[in-house]
Amino acid sequence: ILLLLPVFIECYIKKEVPTSLIYQWILFYSIIAVFLLFYHGVNPDSLKEIGSRMFATLFLISAFLHFYSINNNKLIQHILFLFVLFSAISIVVHFIFPGSFYSSISSRPSGTFSNPNQAAICLILGMILCLESIPPKWKEYFILFIGLGVFLTFSRGGLLCYLFSIIIFL
């Protein structure tokens, strides 16, 4: 949330984004997530799940701002790039050290996500949204690294989406 604070302030000052709706949604989602955390009991798995949900929330908010306001495009793409890169790194770390992150499917790495399929799809979506902000000489490496992250999740749907997105962008 701290990374997105400058973007929210700039959008609020320029009156470009309906911030009241975004803030209401964030507040509502956060209250529900915390309520469910206490309802199901506080344990390491539930803390991991709420962390994943908040991370996904930030991802969705940054994607919304990316599409909504062209003026903030570069800043949002850089923030999103950091999220996607961190997610891909966490999947590689989870593959190398299997017990380092929680996964609903213990034999497949998912990094900061609880489900490997969701992790693969979020990596692909993030890759698509970040491609414009990456310098041309680094694009191929970024695409290959995201492909490695998607491959390591062993998600068949993720691999198909990755291949289709590569074909479309080439």
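**A buried loop glycine, helix 5 and two empty spaces**

G111 sits in the loop between helix 4 and helix 5, helices being DSSP runs of H or I with at least four residues, numbered from the N terminus. The model is a predicted one, so local features need pLDDT of at least 70 and side-chain atom pairs count only at pLDDT 80 or more, while totals for chains, interfaces and linings use all residues. Residues are numbered from 1 along each chain as its sequence is written, and side-chain values use heavy atoms, with hydrogens and water left out. With a relative accessible area of 0%, G111 is buried (buried is under 20% relative accessible area, exposed over 50%, partly exposed in between, with a 1.4 Å probe and protein chains only). Its C-alpha atom is 4.0 Å from that of I91, though 20 residues separate the two along the chain. Residues up to four places away in sequence aside, G111 touches K48, S90, I91, H94, F101 and Y102, where contact means heavy atoms within 4.5 Å.

Zooming out, the protein has seven helices and zero strands. Of its 170 residues, 41% are buried. Among contacts with a separation of 6 or more, 62% join residues 24 or more positions apart.

Helix 5 covers residues 116-130, and its end C-alpha atoms are 21 Å apart, in agreement with the 21 Å that 15 residues should span at 1.5 Å a residue (the expected span is 1.5 Å times one less than the number of residues). The N-terminal end of helix 5 is capped by N115, with a side-chain oxygen 2.9 Å from the backbone nitrogen of N117. Buried positions in helix 5 include P116, A119, A120, L123 and I124.

Some of those helix 5 residues turn up again around the loop between helix 6 and helix 7, which is where T153 is placed. T153 is buried at a relative accessible area of 0%. A polar atom of its side chain lies 2.6 Å from the backbone oxygen of V150, a polar contact being a pair of N or O atoms within 3.5 Å; within protein, one must be able to donate a hydrogen and the other to accept it, and residues adjacent in sequence count only if both atoms are side-chain atoms. Beyond its neighbours within four places in sequence, T153 is in contact with I91, R108, P109, P116, A119 and A120. S155 belongs to the loop between helix 6 and helix 7 too, and it counts as buried at 2% relative accessibility. With neighbours within four places in sequence left aside, its contacts are R108, P116, N117, A120 and V150.

As for empty space, a search of the whole structure turns up two cavities of 30 Å³ or more. On a 1 Å grid over the protein atoms alone, a cavity is a set of points where a 1.4 Å probe fits but cannot get out; a pocket is an open set with protein on both sides within 12 Å along at least five of seven lines, and lining residues have an atom within 4 Å of a point. The second largest cavity has a volume of about 30 Å³, and its lining includes F55, F83, A119 and L123. Helix 3, helix 4 and helix 5 each supply at least two residues of that lining.

The largest pocket holds about 180 Å³ of space. Its lining consists of L131, E140, I143, L144, Y162, I166, F169 and L170, with at least two residues each from helix 6 and helix 7.

Conventions: Points joined across faces, edges and corners; volume = space filled by probe spheres on them.
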